[in-house]
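Let's take a look at this one together. Here is the structure, followed by a short tour of the spot where the ligand sits.

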Amino acid sequence: MGARELAELILERQPCVALTGAGVSTESGIPDFRSPTGIWARFDPLEYGSIEAFRADPRKVWSFYKPRVAMLAEAEPNQAHLTLAELEQLGVLEAVVTQNIDLLHERAGSREVVEVHGSIRSSTCPGCGERVALADVLELLREADAPACPDCGEILKPDVVFFGELLPPSAIDRAFELARRARLLLVVGSALEVHPVAGLPLETIAAGGDLAIVNRGPTALNDRAALRIDGSAGEVLAGVAEALRGEQPQQPEHAR
Ligand code: APR
């Protein structure tokens, strides 16, 4: 099973929606979380990625986030991001639902991007609610290890979803709506271990759609996939785009 079969499935099963995870950004030099070399192999998520940890010791959490924010801001979109943007332009991909906070789908040109775990686009003051854009946070981090609110001096919190926090309601509602309407949910680079996002493919399947997975290594929903390709996101998606250029999607059933 390869890229050509996936391209045919995408054309047959419209609308198609992508669900991406950290595996789509590793080829941009950003480590994922659960690979053997992933972030959670080196940092305890409860100590550095939970809202309790942030409230208890925001400076300690920023000791993890300061280098991470700088690295994410320096990273460039890779073939996988660029190809998903091309599939949207070709009219065969309706949206990208992403668990990633790195802004790389938007920077690659994707227009309909649903960031279900927030992003590094801004940080917010827990004290007064002031929202500070990434560029200003990076400026604050040139002089300090943790960015203080310009208005009240409290340490800012990145606008990303920490463990123990609710997901942004508008984003997760939109993601479930897209998953229910999708005839194909294309998972790229996610182990599908974290809920509620890992429940999206089951919504697609329950509504009569299919699941396709492009991922290096196993995922929690391998046995539910109509098609699974174990390989590099960038290479596989480049092969899909190659196969789709010049093809037009079949009109979705309801449009007939
Ligand atoms: N091509 C394809 N797959 C890849 C690639 C690649 N270049 N690089 C890594 N992968 C695979 C890994 O093998 C792994 O199965 O991508 C998957 C990434 O899974 P995770 O590291 O669990 O990342 P993700 O699914 O995005 O995690 C979900 O967990 O910690 C939280 O908030 C964090 O959004 C994150 C959430």
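By class, the shell around the ligand is made of 7 nonpolar, 11 polar and 4 charged residues (Ala, Val, Leu, Ile, Met, Phe, Trp, Tyr, Cys and Pro count as nonpolar, Asp, Glu, Lys and Arg as charged, and the others, Gly among them, as polar). That makes 22 residues surrounding the ligand, with Ala22, Glu27, Arg34, Ser190 and Arg216 the closest; to be near, a residue needs a heavy atom within 4 Å of the molecule.

A quick word on the background: this is a predicted model, where local features need pLDDT of at least 70 and side-chain atom pairs count only at pLDDT 80 or more, while totals for chains, interfaces and linings use all residues. Residues are numbered from 1 along each chain as its sequence is written, and side-chain values use heavy atoms, with hydrogens and water left out.

Now for the polar contacts, meaning pairs of N or O atoms within 3.5 Å. Each row below starts from an oxygen atom of the ligand.

| Residue | Partner atom | Distance |
|---|---|---|
| Ser190 | side-chain N or O | 2.7 Å |
| Asn215 | side-chain N or O | 2.9 Å |
| Arg216 | polar backbone atom | 2.5 Å |

The protein covers 93% of the 740 Å² of accessible area that the ligand has on its own (Shrake-Rupley method, 1.4 Å probe).

And where does the ligand lie relative to domain 1 and domain 2? Domain 1 (1-30 + 77-117 + 167-248) and domain 2 (32-74 + 118-160) both give residues to the shell, so the ligand lies between them. Those bounds come from an automatic or database domain assignment. The C-alpha centres of the two domains are 27 Å apart, and their contact (heavy atoms within 4.5 Å) takes 17 residues from domain 1 and 14 residues from domain 2.

Technical notes. Polar contact = N/O pair within 3.5 Å; in protein donor to acceptor, adjacent residues only side chain to side chain.
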